[in-house]
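Got the viewer open? Load the model, set it to cartoon, and we'll go round it stop by stop.

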Amino acid sequence: MAAPVAAAAVRAVRWAVRAASAGPLLLGPARVVQSCAPRAAALPARWSGSSSALGSILGIPAEKPSDALGQHPPPVATNEKEQNRLLRDRPDQPQNPKVLRIAIIGAPNAGKSTLSNQLLGRKVFPVSKKVHTTRCKARGVVTYEDTQLIILDTPGLTSPFKAKRHKLDEAMLTDPWDSMKHADLVLVLVDVSDHWTRNSLSKEVLKCLSEFRHIPSVLVLNKVDLLKKKHILLELVTELTEGVVNGKKLEETDPAQEGSSLDSSSNTRASESSLVTEEVQGPRDLKNKKGWPGFQEIFMLAALHGEEVDTLKRYLLMQAKPGPWEFHSGVLTSQSPQEICDNIIREKILEYLPLEVPYGVIQVTEMWEEGPSGELLIVQNLVVPRKSHMMMLIGREGKVISRIAQEAGQDLMNVFLCDVRLKLKVEMKS
C-alpha cells in the first residue's frame, strides 16, 4: 500500500480545518485523498464518498451510495434444522478462497452491532440506545466473490463492577477476549458524539489491545454525523492514536509554509513530508494511557445511516488472506432463528422500558411454527418480576406491547424474508 488511507484522511481533515479559518476550500484536499488511496482493480477504494465526514467538511455534495459490493445477502432460515444444516454444510468455496476474521470491540453502546449489521447488509444483531444490548458473542458472515469476512460481534468491554450492577453473565466479561484469540484483525469502535468518553480509549480496550498487540488493529470513529464541530475529529485522532498511525508519527506543519496554492502535486509532497517513520512499541504501563499508537488505519463513518461503511468494507475485503472458508455462502449468521428472535424482541423492550426494568424481563417462546401459507407464527411470553413492570410493559390500552410486537415483527420479516405473525403475552413471575 503506497500511502495509508488513514494518514491521507488525517491530512485532509487537517487541511480542511485550516482552510475553514483561511477561506473556502473545495477540491484540493479531495484530490489528495483520491491520489493517496490504495488502488485495486476489483475493489476501488475512495475515502471521500457520499455524505462522509470529509465530504461534509469539504462541502462535497452527497451522492447516491454505490451498491457495487452487493446488497442482497441471504436470508436466515426460519427452521432451526435448516439453519443447522447450513452451518454443518461444507463451504462452497472457490478454487482460491480468502478469509478474514474481524473482532469488533469498544465501549458499550459505541455502535458495534449497528456496524456489524451494516457490513452484513441485514439486521441480525440487536441494537439499542441502552448499554449491554449484545449479551454474547455471535458471528456474522459476509461472502463476496472469492472472499469471506467473518464478523465477531461481541458485548461491550466492561468491568466486573459494571457487570454486577447490570446483572450480566460472566460471558459478558470473557466473550470479547475469546473473540480476540480467533481474530485476524480488530476494529476498535469509538463513539465521537459522546463527549464524556471520546477523548480516550477505555482501560478495558487498552488492556485488550496490549494483550493482543500482534493482531493488526484499526480505529473506527463512529457517529461523525452527530458532530457539529468537525475540527474535533483531528484532535480525537491525535489523542486516540498518540499521534502515530501505521508506525509513522503525524507531525504538525506550519500552514504558512504550505502556501495558499493547494494543487494535488504540492499537497502530496507536503503530506508526505509531514510523516516521520519511527518504531512504535506497545505501551506496557496502561495506567496513564489514553490512546494506542499501534493502529494501522483510521476510518470515520456513521454506521446507523451506512455512511462510509462500504469504504471500510472494501478495505476489509482487501485485507483478507488466502485460506479456507468457514461457512457455506448461504450462511449469514451463526445464530439460531430463535436467538435472533429473542434478541430483536429484547432490543425493543430495552427501548421502551425505563432504567433497569428491561434487564429483569424473561422471554419464553411458546410457539414457533410455519402457518398454512408459509408465514412464520411466533408466540412469546414475557415474564416480569413485579406488577408495576407488567403495567409498564403493557402500556395504556396495550399500546406499548403492541408497538413492540409490531416493530419486532417487521425486523424479523426483514431477517427471514417471509411473513411473520408475532404475538406477545405478558405475565408476572409466580
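Before selecting anything, one cut-off: a residue is buried at under 20% relative accessible area and exposed at over 50%, with partly exposed in between (1.4 Å probe, protein chains only). Helices (H or I, at least four residues) and strands (E, at least two) are DSSP runs, numbered from the N terminus. This is a predicted model, in which local features need pLDDT of at least 70 and side-chain atom pairs count only at pLDDT 80 or more, while totals for chains, interfaces and linings use all residues. Residues are numbered from 1 along each chain as its sequence is written, and side-chain values use heavy atoms, leaving out hydrogens and water.

**Whole chain**

Start zoomed out. You have 15 helices and 13 strands here, and buried residues account for 50% of the 430 residues in the chain. Now for contacts, meaning heavy atoms within 4.5 Å: of those between residues at least 6 apart in sequence, 76% join residues at least 24 apart.

**Helix α12**

Select 309-319, which is α12. Ten of its eleven residues are buried: V309, D310, T311, L312, K313, R314, Y315, L316, L317 and Q319.

Keep L312 highlighted. Setting aside residues up to four places away in sequence, L312 touches L115, L187, V220, F299 and L301. Show the nonpolar core next, that is, a set of buried Ala, Val, Leu, Ile, Met, Phe, Trp, Tyr and Cys residues joined through side-chain atoms within 4.5 Å. The largest one has 55 residues, and I102, L115, L187, L312, L316 and L412 are the members touching the most others. Helix α15 (399-416) supplies the largest share of this core, with seven residues. A second, separate core has 38 residues, including V141, A183, I232 and L236.

**Strand β3 and its partners**

Move to 147-153, strand β3, where seven of seven residues are buried. Which residues cover each face? T147, L149, I151 and D153 lie on one side, with Q148, I150 and L152 on the other, and all are buried.

Strands count as paired if DSSP finds at least two bridges between them. Add β1 (98-106): seven bridges join β1 to β3, running parallel, and V99 sits opposite Q148. Then add β2 (138-144), which is joined to β3 by seven bridges as well, in the antiparallel sense; here A138 faces D153. The β2-β3 hairpin has two residues between the strands, and E145 takes a positive phi near 55°.

**The loop between β5 and α9**

Look between β5 (217-222) and α9 (232-241) and pick out L227. Is L227 buried or exposed? It counts as buried because its relative accessibility is 6%. Neighbours within four places in sequence aside, L227 contacts V192, R198, I232 and L233. Draw a C-alpha to C-alpha distance from L227 to V192 and you should get 7.2 Å, for a pair 35 residues apart in sequence. K223 is in this loop too, and its phi is near 65°, positive in a residue other than glycine.

**The three-stranded sheet**

Jump towards the C-terminal end of the numbering. Three strands make an open, mixed sheet in the order β11-β12-β13. β11 (362-370) and β13 (420-428) are the edges, each with a single partner strand, so one side of each has no neighbour in the sheet. From one strand to the next, the twist averages 15°. β11 and β12 (376-384) pair antiparallel over eight bridges, with E369 opposite L377.

Now add the helices packed on this sheet; axes are lines fitted to C-alpha atoms, for helices over the stretch in contact, and angles run from 0 to 180 degrees between N-to-C directions. α13 (337-352) touches β11, β12 and β13, with its direction at about 130° to that of β11. α14 (387-394) touches β12 and β13, its direction making about 155° with that of β13.

**α13 against α15**

Last pair: α13 and α15 pack at about 140°, their axes 9 Å apart. Among the residues in contact are I340, I344 and Y352 of α13 and I404, L412 and F416 of α15. By class, the contact has 13 nonpolar, no polar and five charged residues (Ala, Val, Leu, Ile, Met, Phe, Trp, Tyr, Cys and Pro count as nonpolar, Asp, Glu, Lys and Arg as charged, and the others, Gly among them, as polar).

Finish at E397, in the loop between α14 and α15. E397 has a positive phi of about 60° although it is not a glycine, and at 70% relative accessibility it counts as exposed.
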